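Q: Please take a close look at one helix of this model and at the packing around it. A connected account in formal terms would be welcome.

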Amino acid sequence: MQEIRLAIFDWDGTLMDSVGRIVACVQGAARDCELAVPAPAQIRQIIGLSLDVAMSRLFPLNSGCGCGCGCGSAFDERQIAVLIDRYRHHYLHDATPSPLFSGAGELLHDWRSRGLQLAVATGKSRSGLDRVLDETGLRPLFVTSRGADEARSKPDPLMLEQILNELGLSTRQAVMISDSVHDMAMAEAIAMPRIGVTWGVDSRDALSRHGPVAVVDSMTALRALL
């Protein structure tokens, strides 16, 4: 991978161990709206998507009320917006720990010190991404980033194309690193090299279906690739 000049990271499940917190907050939003609470496995499948797409998949439009009351009222975009609002409320106040994965900070500092550019492409909103960049102190390491409200939802590759255009790089000069099949598919769509990591939401087998150059099980193994 000698040509690589830019490493683009997903955030949740790749750099930050936030899957448990996301699951808890989606479930809290469902309870607030008196809806059937999705199982953790269902929620894990939508992590990485923009919130509007994620909530619409978990609580489909026109699916009817899920609270068991028998009212049969259809879901609409307003109700999806309420779910998103409740999710964001819970995310701000939920106490589930969401630390960086062990070795993530060291990897980022090492790659940056060796001249590799770093970026983030995430399903978080801009405000959510800014908050965690500041909380972790990692903002200075990244040359650019894109949130879900600045492009179309993954797996559409628009956010990757925006990053490449901003930095004047080709797809072969960048690599996408993620725990999610949504990111693997996003990079695959524009023939960008991709690396899967197994400590987040998706399995080695699921990640491997998208033709990554590698799938790794530890930060040490990832660090050795570039």
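**Helix α5 and the core around it**

A: The buried residues of α5 are A104, G105, L107, L108, D110 and W111, where buried means under 20% relative accessible area, exposed over 50% and partly exposed in between, with a 1.4 Å probe and protein chains only. Helices (H or I, at least four residues) and strands (E, at least two) are DSSP runs numbered from the N terminus. The model is predicted, so local features need pLDDT of at least 70 and side-chain atom pairs count only at pLDDT 80 or more, while totals for chains, interfaces and linings use all residues. Residues are numbered from 1 along each chain as its sequence is written, and side-chain values use heavy atoms, with hydrogens and water left out.

The buried residues of α5 pack against β1, β2, β4 and α10, contact being heavy atoms within 4.5 Å. Just after the helix, G115 takes a positive phi of about 95°.

The setting of this helix is the largest nonpolar core, which has 28 residues. Such a core is a set of buried Ala, Val, Leu, Ile, Met, Phe, Trp, Tyr and Cys residues joined through side-chain atoms within 4.5 Å. Within this core, F9, W11, F142 and L222 touch the most other members. Two or more residues each come from β1 (6-9), α5 (104-113), β2 (117-121), α6 (126-136), β4 (174-178), β5 (194-197) and α10 (219-223). Of these elements, α5 gives the most, with four residues. In soluble globular proteins, nonpolar side chains tend to be buried together.

W11 illustrates the packing: leaving aside residues up to four places away in sequence, W11 touches M16, L100, V120, T122, K124, L129, V132, L133, T136, L138 and F142. A second, separate core of 22 residues includes V26, I43, I47 and M55.

V26 is also one of the buried residues of α1. Because ten of its 14 residues are buried, α1 is largely enclosed by the rest of the structure. The buried residues of α1 pack against α2, α3 and α4 (77-93). After α1 comes E34, with a positive phi near 55°.

Between α2 (40-44) and α3 (51-58) lies a loop that holds S50. S50 is buried, at a relative accessible area of 6%. Beyond residues up to four places away in sequence, S50 touches G123, A148 and S153.
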